[in-house]
Amino acid sequence: MSVSAAFRGSLASVWRCGSCCDLRLQPCFDSSVISRRRRAACRSSLKLFVSSSELRLRSKRRFLCRVTNTETEPESNDDKEKEMHEDGEKASSADSFTEGQLGPQSLGTDESINSESENKLQDGIQGADDMQVASGSPLPGVKPQQLDESMRISKETIEVLKDQVFGFDTFFVTSQEPYEGGVLFKGNLRGQAAKSYEKISIRMQNKFEDQYKLFLLVNPEDDKPVAVVVPRTTLQPETTAVPEWFAAGAFGLVTVFTLLLRNVPALQSNLLSTFDNLNLLKDGLPGALVTLLILGVHELSHILVAKSCGVKLGVPYLVPSWQIGSFGAITRIVNIVPKREDLLKVAVAGPLAGFSVGLVLLLLGFFLPPTDGLGVVVDASVFHESLLAGGIAKLLLGDVLKEGTPISVNPLVIWAWAGLLINAINSIPAGELDGGRISFAIWGRKASARFTAASIGLLGLSSLFNDVAFYWVALIFFLQRGPIAPLSEEVTDPDQKYVTLGILVLFIGLLICLPYPFPFTDEVMSSF
C-alpha cells in the first residue's frame with residue numbers, strides 16, 4: 001500500500017461566507033424607514049464590510065470544511081435581475097452608507113460581525129464528519145476499515161485540540177483532514193520536534209487522559225511535519241487464529257531439522273533417505289549448535305535492547321532453509337515505537353551481536369586445527385563467494401590458498417560463515433528486515449521505501465543465478481516488505497553514534513554478500 005496514500009484525505013471545498021453573513025443581517029433592514037431600494041444598496045455596502053471582516057477572521061483561523069446546502073430558498077431569477085439593476089442604479093448611494101449612519105443596533109460592532117461569521121463557518125463543519133476518509137498506511141494493529149461513529153473524534157474535541165493542546169509554542173495548526181478515525185493536522189512545527197511532542201502529549205494527557213494517541217510524522221508529499229491524533233481504541237493489537245507460541249514452536253522444530261540436515265552432506269543428495277537414516281542427523285549437531293548460537297545471540301540482543309527502549313517484541317519465528325539451514329527469524333514489533341533512535345537501537349543490536357560472535361568463531365576456525373586432524377575439505381574457489389570470508393582467508397592462509405586446489409579447514413569456519421551469512425541477509429535494507437528498519441531510522445520513510453524497491457530488484461536479478469536469492473526475495477516480498485508502522489515521533493534524527501553503528505552493520509552485511517573478485521595466486525593474476 002502506498003505510503004504517500006496515508007496522508008491523502010478528502011479535502012472539502014472552502015466557501016466564502018459573505019453571502020451567509022448577508023442572510024443573517026438582512027432582517028435588520030425590514031423597517032419601514034428604509035425602502036427596498038435603499039436596502040439593496042445597504043446590502044451591497046455590507047458585503048464589502050463583511051468581506052473585509054471575514055478576511056481578518058480567516059487570517060486568524062482557517063477551516064477546511066464542506067458547507068451543507070443552505071436551507072434558505074433561492075430567490076427567483078426575476079428578483080435577482082431586479083436587485084442587480086437596482087444595485088447598479090444606487091451604487092453611489094451605497095458608497096455613502098457608513099457605520100455611523102447605520103447605527104449600532106442595525107450594524108453592530110466589528111466583534112459581532114466576526115462572531116456571526118465564525119458561527120457560520122463552524123456550522124459548515126458539521127458535514128465534515130460524514131466525509132469518506134481515504135485509508136492509507138494503517139497505524140499499528142489497525143486494518144483499513146469503515147470505523148463507526150463511536151470511534152471517531154467529535155468536532156468539539158477537535159476544537160479543544162486546536163485551541164488548547166496545540167499552540168504557537170509547539171505546533172501551529174493551519175488545516176486539518178480526517179484520517180483513520182482520527183484527524184491529521186497540518187501546520188508549522190515550532191522548536192525541536194522531541195520537546196514539542198512532549199509538551200503536546202502532556203497537554204493531551206491532562207485534557208483527555210488516555211483517550212487519544214498523538215503521532216508526529218513527516219508528510220511524504222512535501223517533507224513537512226504533520227500531527228495525527230487517533231482514538232486509542234483503534235490501536236488494539238491484531239489477533240491471530242493460531243497462538244504465536246504454537247506457530248513459533250512448529251517453525252522452530254522445522255528449522256532445527258533443516259540445520260541438522262544442512263551439516264550432513266550425505267543426506268542432502270537424497271532427502272527421502274533421511275527418515276531411514278535418522279541416526280546420521282547427530283553428525284550435524286555441532287554445526288547446528290554453532291549456527292543456533294549465532295542466531296540466539298542475535299535475537300537475545302534484540303530483546304534486551306528493546307526492553308531498555310520500551311519496545312515490545314513478539315515471539316521470534318525461525319525461518320527454515322534447505323540451502324543454509326535457516327534464514328534467521330522474523331520478529332514483530334507489537335507496540336508503538338517512541339522515536340527513530342529507539343528503532344535504530346533495536347534494529348542494530350541483533351546484527352551487530354551476530355556479526356561479532358560470527359567473526360570471532362570464523363577467526364578461531366582458521367587458527368584452530370580440526371579435532372579429527374582432517375577437517376572439511378573444500379575447494380579454494382568457495383571463498384570467492386564472500387568478499388569478507390575470502391579476504392580473511394587470503395590474509396591468514398596466504399599462498400596455501402590456490403585456485404583449483406582443495407584445502408582442509410576446520411568445520412568451524414563453515415559453520416561460522418553460515419551464521420554470518422544469515423545475519424547479512426537480515427541486514428539487507430528492505431522492508432521490515434533489520435536492515436530495512438536501520439535505513440528507515442537513519443534516512444526516513446521515503447528513503448527506506450526506495451531502498452526496499454532497489455533491494456528487491458537486485459535480489460530478483462540475483463535469483464536468476466542463485467537459488468538462495470530467489471527464496472529470500474520471495475520471503476521479503478510476501479512477508480517482510482512493509483511498510484513499517486508509524487512511530488510516535490518520526491521527525492527527530494537519531495544520535496550520530498547510533499547512525500554510525502547502523503551504517504557499519506549495513507557495510508559488513510554488504511561485504512559478506514558481495515563476492516571476492518580477486519584471484520588467490522600471482523600466476524592467475526598474470527594470466528588474468
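Let's start with the lining of the largest cavity. Its residues divide into five nonpolar, five polar and four charged. One caution before I go on: this is a predicted model.

So how many residues line this cavity? The lining holds 14 residues. Five of them lie nearest the centre: H302, A329, T331, D434 and R437. Look for those in the structure in front of you.

Which elements give two or more residues to this lining? There are four: α11 (285-309), β6 (325-330), α12 (340-367) and α15 (434-443). Of the contributions, the largest share comes from α11, with three residues.

Now the volume. The largest cavity holds about 120 Å³ of space. A search of the whole structure finds five cavities of 30 Å³ or more.

Next, a residue in a loop. Find K339. K339 sits in the loop between β6 and α12. You have just met both of those elements, since each gives two or more residues to the cavity lining.

Is K339 buried or exposed? Neither: K339 is partly exposed, because its relative accessible area is 36%, and partly exposed covers the range between under 20% for buried and over 50% for exposed.

What does K339 touch? Leave out residues up to four places away in sequence, and K339 touches L487 and E489. Now take V491. In sequence, K339 and V491 are 152 residues apart. In space, their C-alpha atoms are 8.3 Å apart.

On to the sheet. Four strands make an open sheet, in the order β1-β2-β4-β3. The pairing is antiparallel. Which strands are at the edges? They are β1 (171-179) and β3 (212-218), and each pairs on one side only. Neighbouring strands in this sheet are turned against each other by 25° on average, direction ignored.

Zoom in on one pair. β1 and β2, residues 182-189, run antiparallel and are joined over eight bridges. Here is one residue pair to find: E177 has L184 in β2 as its bridge partner.

Finally, the helices on this sheet. Helix α7, residues 155-165, lies across β1, β2, β3 and β4 (225-231). Its angle to β2 is about 20°. Helix α8, residues 193-208, also lies across β1, β2, β3 and β4. For α8, the angle is given to β3, and it is about 160°.

To recap the places to look: the cavity lined by 14 residues, K339 in its loop between β6 and α12, and the sheet ordered β1-β2-β4-β3.

How values were computed:
Residues are numbered from 1 along each chain as its sequence is written. This is a predicted model: local features need pLDDT of at least 70, side-chain atom pairs count only at pLDDT 80 or more; totals for chains, interfaces and linings use all residues. Side-chain values use heavy atoms; hydrogens and water are left out. On a 1 Å grid over the protein atoms alone, a cavity is a set of points where a 1.4 Å probe fits but cannot get out, and a pocket is an open set with protein on both sides within 12 Å along at least five of seven lines; lining residues have an atom within 4 Å of a point. Grid points are joined across faces, edges and corners, and a volume is the space filled by probe spheres set on the points. Ala, Val, Leu, Ile, Met, Phe, Trp, Tyr, Cys and Pro count as nonpolar, Asp, Glu, Lys and Arg as charged, and the others, Gly among them, as polar. Two strands pair if DSSP finds at least two bridges between them. Axes are lines fitted to C-alpha atoms, for helices over the stretch in contact, and angles run from 0 to 180 degrees between N-to-C directions. Contact means heavy atoms within 4.5 Å. Buried means under 20% relative accessible area, exposed over 50%, partly exposed in between (1.4 Å probe, protein chains only).
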